[in-house]
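Work through these exercises with the structure open beside you. Try each task before you read its solution.

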Amino acid sequence: MLSSSLAQQLQANLKGATVLTPGSEGYEESLKRWSETAEKRAGAVAQVTTAEQVATVISFARKHHIEQVVRGGGHGTNGASSSEGGIVIDLSKMNRVTVDPDNMTIAAEGGCLWKDVDEAAADYGLAAVGGTVNHTGIGGLTLGGGYGYLTGRHGLVIDNLLKVKLVNADSEVVTASPEEHPDLFWALRGAGASFGAVVEFTYRAHLQREPVWAGMAVFPLDKLTPIVKFANDFALSANADASFNFGFTTPPHAPGPMLVTLGFYNGLGKEGKRIFAPLFEAGPVFQNFGPMPYCKVNGLLEESAGHGGRKVIGGAACATPFAPEFYEEIKKDLLSFIDEVPAAKESLLVFELVHHGKVQEVDGSATAFANRGPYYNAVCMTKWNDAKDDDKCRDFTFRLKEKVSEHLIKTSDVNAESVGKYLNYNDLTDGRSDQMFGSHDEKLVALKLKYDPTNVFNKWGAVTAAAVEQNHGYNTMNLKPRQIAVE
């Protein structure tokens with residue numbers, strides 16, 4: 001717990017940074033997160049602007065045995081970017097983007113949102129592989145692997161990551177790349193924030209055609225069978241420039257749950273219309289497909305995935321061909337839950353068909369990311385309002401994502417290099433890193449002991465003491481286990 005006197009010392013040490021404490025102007029706003037379940041009352045929030053200031057905070061926290069966490073976009077639901085009584089290193093003021101069109105690179109500071117990167121790159125006719133919701137922070141999505149609309153053509157975000165600048169557990173500012181600290185760079189690409197506070201990412205840029213063709217279409221629930229058929233046919237087409245999401249949620253202003261779809265084609269409308277023509281034959285009650293700038297595509301889900309409310313995320317993987325009867329069963333599970341907790345009607349379950357050929361071209365051992373399989377991601381985001389429903393909502397999310405995972409195991413090949421789990425969609429886990437990283441776990445534990453032996457970075461996606469002790473029998477001494485809960 002940070003005392004007021006220590007908070008004053010921290011402010012004195014941080015020249016040019018703002019330190020917010022309980023009662024100070026801006027403190028309450030600084031605690032807000034995408035999900036209210038992730039909000040905690042920090043002892044201090046250090047709004048830093050340089051890597052050296054980040055290093056100062058980490059050194060100060062270690063010296064005084066105070067918990068420190070890093071906040072990038074604050075988009076998780078497990079509370080990893082918040083601290084009860086500790087210090088939050090808030091990167092939100094570190095949001096500069098530098099585009100180098102000659103070398104086809106984009107350098108973005110750790111506090112950037114994908115909207116910042118998308119818009120800066122668009123000014124040069126370029127794009128980076130990013131996420132699918134533009135108010136997500138770049139740090140969390142990148143360090144967990146990173147799927148997006150351009151993944152089919154260019155691979156994961158980490159497959160387009162050239163280097164990072166980070167502050168390590170010893171408060172040193174270092175660069176990790178294929179040339180500098182290559183083992184650390186390997187770990188950072190997929191193992192989350194277990195090895196440092198990343199203050200700058202440098203991505204490979206790609207020429208981006210404009211406009212693209214994209215939009216959403218909404219259907220009544222009784223159209224599930226033709227939508228599943230379209231999804232199966234879409235997957236068979238293996239089009240690297242197209243993606244398709246479908247699932248269940250209550251759209252804004254709708255009275256109840258419906259089938260919601262989102263399509264993207266990275267090209268002209270004529271081909272996009274041809275690809276998605278069978279979808280429209282199913283008879284949407286609403287659709288807004290059309291040409292738009294690429295940088296606007298990541299805003300299509302802005303309202304349905306907006307800030308506010310209590311949320312928890314659970315992820316799984318799914319494989320085609322989809323069986324309509326299984327998805328009918330999933331639909332009934334969701335509707336039954338909403339009947340039990342009516343305030344959770346905005347919850348969603350979405351299946352994301354992003355062509356995985358480019359992802360699988362990269363050898364499974366090339367990065368710490370362990371989800372390069374011939375399948376697609378599914379995400380369950382449960383959203384509600386009252387803390388009294390926390391346990392019900394958490395339990396439902398866990399059961400639903402496990403049901404989808406079990407279905408994948410029965411119908412597809414999941415192994416130690418393709419675990420069928422996407423870290424960024426797994427805020428509900430049991431803390432075992434071997435389940436997230438498969439055959440990479442042993443190497444990650446060794447690197448954790450090399451780069452962060454006292455477990456300074458012990459939050460989201462962490463290769464933690466619990467994992468080290470449980471799975472490998474090392475004496476971790478000062479390392480403390482990660483707490484997995486909906487806070």
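Contact here means heavy atoms within 4.5 Å. The model is a predicted one.

**Exercise 1. A helix on a sheet**

Task: Find which strands helix 3 lies across in the sheet that holds strand 8, and at what angle helix 3 runs to strand 8.

Solution.
Step 1. Locate strand 8 at residues 161-167.
Step 2. Look for the strands under the helix. Helix 3 lies across strand 8, strand 9 and strand 10.
Step 3. Compare directions. Helix 3 runs at about 50° to strand 8.
Step 4. Add another helix. Helix 4, residues 114-122, also packs on the sheet and touches strand 5, strand 6 and strand 10. Its direction makes about 30° with that of strand 5.

**Exercise 2. The five-stranded sheet**

Task: Give the strand order of the open sheet of five strands, and name its edge strands.

Solution.
Step 1. Read across the sheet. The order is 5-6-10-8-9, and the pairing is antiparallel.
Step 2. Find the edges. Strand 5 and strand 9 (173-176) each pair on one side only.
Step 3. Check the turn. Neighbouring strands are turned by 15° against each other on average, direction ignored.

**Exercise 3. Strand 6 and its partners**

Task: Describe how strand 6 pairs with strand 5 and strand 10, and decide whether its faces are covered or open.

Solution.
Step 1. Take strand 5, residues 97-100. Strand 5 and strand 6 are antiparallel, with four bridges between them. One pair to pick out: threonine 98 has alanine 107 of strand 6 as its bridge partner.
Step 2. Look at the hairpin these two strands make. Four residues lie between the strands. In this hairpin, methionine 104 takes a positive phi near 55°.
Step 3. Turn to strand 10, residues 197-204. Strand 6 and strand 10 run antiparallel and are joined by five bridges. Threonine 105 stands opposite arginine 204 of strand 10.
Step 4. Now test burial. Strand 6 spans residues 105-109, and five of its five residues are buried.
Step 5. Sort them by face. Thr105, Ala107 and Glu109 are on one side, with Ile106 and Ala108 on the other. Both faces are covered.

**Exercise 4. The four-stranded sheet**

Task: Work out the order of the open sheet of four strands, and explain why strand 1 and strand 3 are its edges.

Solution.
Step 1. State the order. The strands run 1-2-4-3, with mixed pairing.
Step 2. Count partners. Strand 1 (18-20) and strand 3 (68-71) each have a single partner strand, so one side of each has no neighbour in the sheet.
Step 3. Note the twist. From one strand to the next, it averages 20°.
Step 4. Check one pair. Strand 2, residues 44-47, and strand 4, residues 87-90, are parallel over four bridges. Valine 45 has valine 88 in strand 4 as its bridge partner.
Step 5. Place the helices. Helix 1 lies across strand 1, strand 2 and strand 4, at about 165° to strand 1. Helix 3 lies across strand 2, strand 3 and strand 4, at about 165° to strand 4.

**Exercise 5. Two helix pairs**

Task: For helix 1 with helix 3, decide whether the pair is roughly parallel or roughly antiparallel, and list the contact residues.

Solution.
Step 1. Take the angle. The axes of helix 1 (residues 4-13) and helix 3 (residues 51-63) come within 10 Å and cross at roughly 150°.
Step 2. Apply the cut-off. Angles over 145 degrees count as roughly antiparallel. Helix 1 and helix 3 are therefore roughly antiparallel.
Step 3. List the contact. Helix 1 gives Leu6, Gln9, Leu10 and Asn13, and helix 3 gives Thr56, Val57 and Phe60.
Step 4. Sort by class. There are four nonpolar, three polar and no charged residues.

Task: Do likewise for helix 8 and helix 9: what is the handedness of their crossing, and which residues make the contact?

Solution.
Step 1. The axes of helix 8 (residues 224-237) and helix 9 (residues 269-280) come within 9 Å and cross at roughly 155°. That makes the two helices roughly antiparallel.
Step 2. Their crossing is right-handed.
Step 3. Ile227, Phe230 and Phe234 of helix 8 meet Ile275, Phe276, Pro278 and Leu279 of helix 9.
Step 4. By class, this contact has seven nonpolar, no polar and no charged residues.

**Exercise 6. One residue**

Task: Is asparagine 377 buried or exposed?

Solution.
Step 1. Find asparagine 377 in strand 19, residues 376-384.
Step 2. Use the cut-off: buried means under 20% relative accessible area. At 4% relative accessibility, asparagine 377 counts as buried.
Step 3. See what surrounds it. Leaving aside neighbours within four places in sequence, the contacts of asparagine 377 include Tyr147, Cys318, Glu352 and Tyr425.

Methods. Residues are numbered from 1 along each chain as its sequence is written. This is a predicted model: local features need pLDDT of at least 70, side-chain atom pairs count only at pLDDT 80 or more; totals for chains, interfaces and linings use all residues. Side-chain values use heavy atoms; hydrogens and water are left out. Axes are lines fitted to C-alpha atoms, for helices over the stretch in contact, and angles run from 0 to 180 degrees between N-to-C directions. Angles under 35 degrees count as roughly parallel, over 145 as roughly antiparallel, 65 to 115 as roughly perpendicular and the rest as oblique. Ala, Val, Leu, Ile, Met, Phe, Trp, Tyr, Cys and Pro count as nonpolar, Asp, Glu, Lys and Arg as charged, and the others, Gly among them, as polar. Buried means under 20% relative accessible area, exposed over 50%, partly exposed in between (1.4 Å probe, protein chains only). Two strands pair if DSSP finds at least two bridges between them. A crossing is left-handed if the near helix is turned anticlockwise from the far one by less than a right angle, and right-handed if clockwise.
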